[in-house]
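Q: I would like a close look at a single part of this model, followed by an account of how that part sits in its surroundings. Please take it step by step.

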Amino acid sequence: MEVMQMSRPIMEYLDAFEGCKPVVHSTESMIIRGKTHNKFEKDEMLPKLLEMFEHFKIKNIEKESNKAREITDKVDGIFRKTEEVYDESNGLEGIEKIKQVFESTGFNAEYVIGQIENLAVYVVLYTDKSGFGPMFVETMILRLVE
């Protein structure tokens, strides 16, 4: 499966494709940021992400699992070789740290990790806790090199 085959449908599913911007764009990896016209309450964010994974038949990987740690370490290694990666990205601890920073600065944030065929899939939703402003979506798809 190709990276683009998965990234665009995810952004479309979350109504965030229009106006979205690629941060990283290659045949092996893609990070896209966008705003969705949807608004989900904090307790609706994770169920919506899991519903989306089910819709696309993406296998959800529990965030606290060894599999999540393994796949995220692999993704970090691939990115460090091919893209400029910021210091805070450091495995699952880095993802959780970024989520905590979002939450401490007034945002609700939720993310999921998954895999479909040879692709790792990460999707993040975040929005201002006040309910003012848009909800943002960030999707990262990366080909896992064996």
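Which residues of H1 are buried?

A: In this predicted model, the buried residues of helix H1 are Val3, Met6, Ser7, Ile10 and Met11. Viewed down the axis of H1, these buried residues fall within an arc of 120°, so they line one face of the helix. The partners against which the buried residues of H1 pack are S2, H2, S4, S5 and S6, which brings both the sheet and the other helix into the description.

Ile10 gives a residue-level view of this packing. Leaving aside residues up to four places away in sequence, Ile10 touches Met52, Phe56, Ile58, Val121, Val123, Thr139 and Ile141. Of these partners, Met52 and Phe56 fall within the range of H2, residues 42–56, while Val121 and Val123 fall within that of S5, residues 119–128, and Thr139 and Ile141 within that of S6, residues 135–143.

Ile10 also belongs to the largest nonpolar core, a set of 25 residues in which Met6, Ile10, Val121 and Val123 touch the most other members. Two or more residues of this core come from each of H1, strand S2 (29–36), H2, S4, S5 and S6, and the largest share, five residues, is contributed by H2. A second core, separate from this one, has 15 residues and includes Val24, Phe79, Ala120 and Tyr122.

The sheet against which H1 packs can be described next. Six strands form an open sheet in the order S1-S2-S6-S5-S4-S3, with antiparallel pairing. Strand S1 (21–25) and strand S3 (59–61) stand at its edges, and each has a single partner strand, so one side of each is left without a neighbour in the sheet. On average, neighbouring strands are turned by 20° against each other, direction being ignored. Within the sheet, strand S4 (residues 107–116) and strand S5 (residues 119–128) run antiparallel and are joined by 10 bridges, and along this pair Tyr111 stands opposite Val124 in S5. Helix H2, which is itself among the packing partners of H1, lies across S3, S4, S5 and S6, and runs at about 20° to S4.

After H1 the chain comes to Asp15, whose phi is positive, near 55°, although the residue is not glycine. Asp15 lies in the loop between helix H1 (3–13) and S1, and with a relative accessible area of 35% it is partly exposed. The cut-offs behind that term are under 20% for buried and over 50% for exposed, so a residue at an intermediate value is called partly exposed.

A positive phi is also found at Glu117, where the angle is near 50°, again in a residue other than glycine. Glu117 is placed in the loop between S4 and S5, and its relative accessibility of 56% makes it count as exposed. The backbone oxygen of Glu117 lies 3.3 Å from a polar atom of the side chain of Gln115, a residue whose place is in strand S4. Gln115 in turn touches Ile58, Lys59, Ile61, Lys67, Ile71 and Leu144, with residues up to four places away in sequence not counted. Ile58 thus appears among the contacts of Gln115 and also among those of Ile10 in the helix under discussion.

How values were computed
Residues numbered from 1 in each chain as written. Predicted model: local features only at pLDDT ≥ 70, side-chain atom pairs only at ≥ 80, totals over all residues. Heavy atoms only, no water. Pairing = 2+ DSSP bridges. Helix = DSSP H or I, 4+ residues; strand = E, 2+ residues; numbered from the N terminus. Axes fitted to C-alpha atoms, helices over the stretch in contact; angles between N-to-C directions. Contact = heavy atoms within 4.5 Å. Polar contact = N/O pair within 3.5 Å; in protein donor to acceptor, adjacent residues only side chain to side chain. Buried < 20%, exposed > 50% of the residue type's maximum accessible area, 1.4 Å probe, protein only. Core = buried A, V, L, I, M, F, W, Y, C linked by side-chain atoms within 4.5 Å. Arc of directions from axis to C-beta.
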